[in-house]
Amino acid sequence: MKVLLFCLTVIALLSFRFDPVVNSLDSENPTIDTTKIVERHNYYRQKVGAPDIHWSEELAAYAQAWADKLAKNCQLQHSNGEYGENIYWHSDVSNEEAVIDYWAEEEKYFNHKNTTYISGRSHKSGHYSQVIWAKSTKVGAGVANCKGGGQIWVCVYDPAGNVIGEKAY
């Protein structure tokens with residue numbers, strides 16, 4: 001019986017693809033590929049002519065602390081801190097590209113002819129506009145596994161974007 005259980009365990013382990021870039025719910029401490037976070041942000045920023053954004057360890061520590069706090073109850077709630085902030089939750093594992101692409105899907109609600117952020121009207125594209133906000137020069141990110149399953153991701157931006165009355169780019 002022990003041999004059969006061992007063989008089944010080995011077969012199960014071999015059937016999974018281990019990829020260091022994709023975070024794992026089995027991992028107590030999922031990690032972030034900082035290069036991919038920056039590259040994916042800059043992909044969307046370059047499409048609108050916004051300058052590149054750069055990684056910040058200070059912002060990453062802030063984002064990680066907030067992700068860890070949110071993961072305790074798996075709540076999507078902004079920190080209301082000094083930084084711009086995007087939050088993402090997924091019921092399974094996710095990766096850097098999927099997270100940024102999810103926020104970028106809001107582009108369909110964004111008015112590229114008038115990029116001024118307006119209270120109320122701009123809320124449907126707020127995650128996207130923060131990704132491309134030209135005045136935001138630094139980004140940091142954190143990810144944590146929720147107790148009840150899933151992952152929560154946080155990106156923070158400095159200076160904060162989505163300033164009412166200002167243009168995104």
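When I say that residues pack against one another, I mean contact, that is, heavy atoms within 4.5 Å. Please also keep in mind that what we have here is a predicted model.

Let me start with helix 4, which covers residues 96–104. Which of its residues are buried? They are E96, V99, I100, W103 and A104, and if we look down the axis of helix 4, these buried residues fall within an arc of 135°, so they line one face of the helix. It may help to recall that an α-helix has 3.6 residues a turn, so residues three or four places apart point the same way. And what do the buried residues of helix 4 pack against? Their partners are helix 2, strand 2 (84–90), helix 5 (126–132) and strand 4 (151–158).

Let me take helix 2, residues 34–48, in more detail, since its axis and that of helix 4 come within 9 Å and cross at roughly 30°. Angles under 35 degrees count as roughly parallel, and therefore helix 2 is described as roughly parallel to helix 4. The crossing of these two helices is right-handed. On the side of helix 2 the contact is made by K36, I37, R40, H41 and Y44, while helix 4 brings in E96, E97, I100, D101 and A104. Sorted by class, this contact has four nonpolar residues, one polar residue and five charged residues.

Finally, I would like to turn to helix 5, where we find S129. Because its relative accessibility is 1%, S129 counts as buried, and, leaving aside residues up to four places away in sequence, S129 touches F110, Y117 and N162.

Conventions: Residues numbered from 1 in each chain as written. Predicted model: local features only at pLDDT ≥ 70, side-chain atom pairs only at ≥ 80, totals over all residues. Heavy atoms only, no water. Axes fitted to C-alpha atoms, helices over the stretch in contact; angles between N-to-C directions. Helix = DSSP H or I, 4+ residues; strand = E, 2+ residues; numbered from the N terminus. Parallel < 35°, antiparallel > 145°, perpendicular 65-115°, else oblique. Left-handed = near helix turned anticlockwise from the far one by under 90°. Nonpolar A, V, L, I, M, F, W, Y, C, P; charged D, E, K, R; others polar. Buried < 20%, exposed > 50% of the residue type's maximum accessible area, 1.4 Å probe, protein only. Arc of directions from axis to C-beta.
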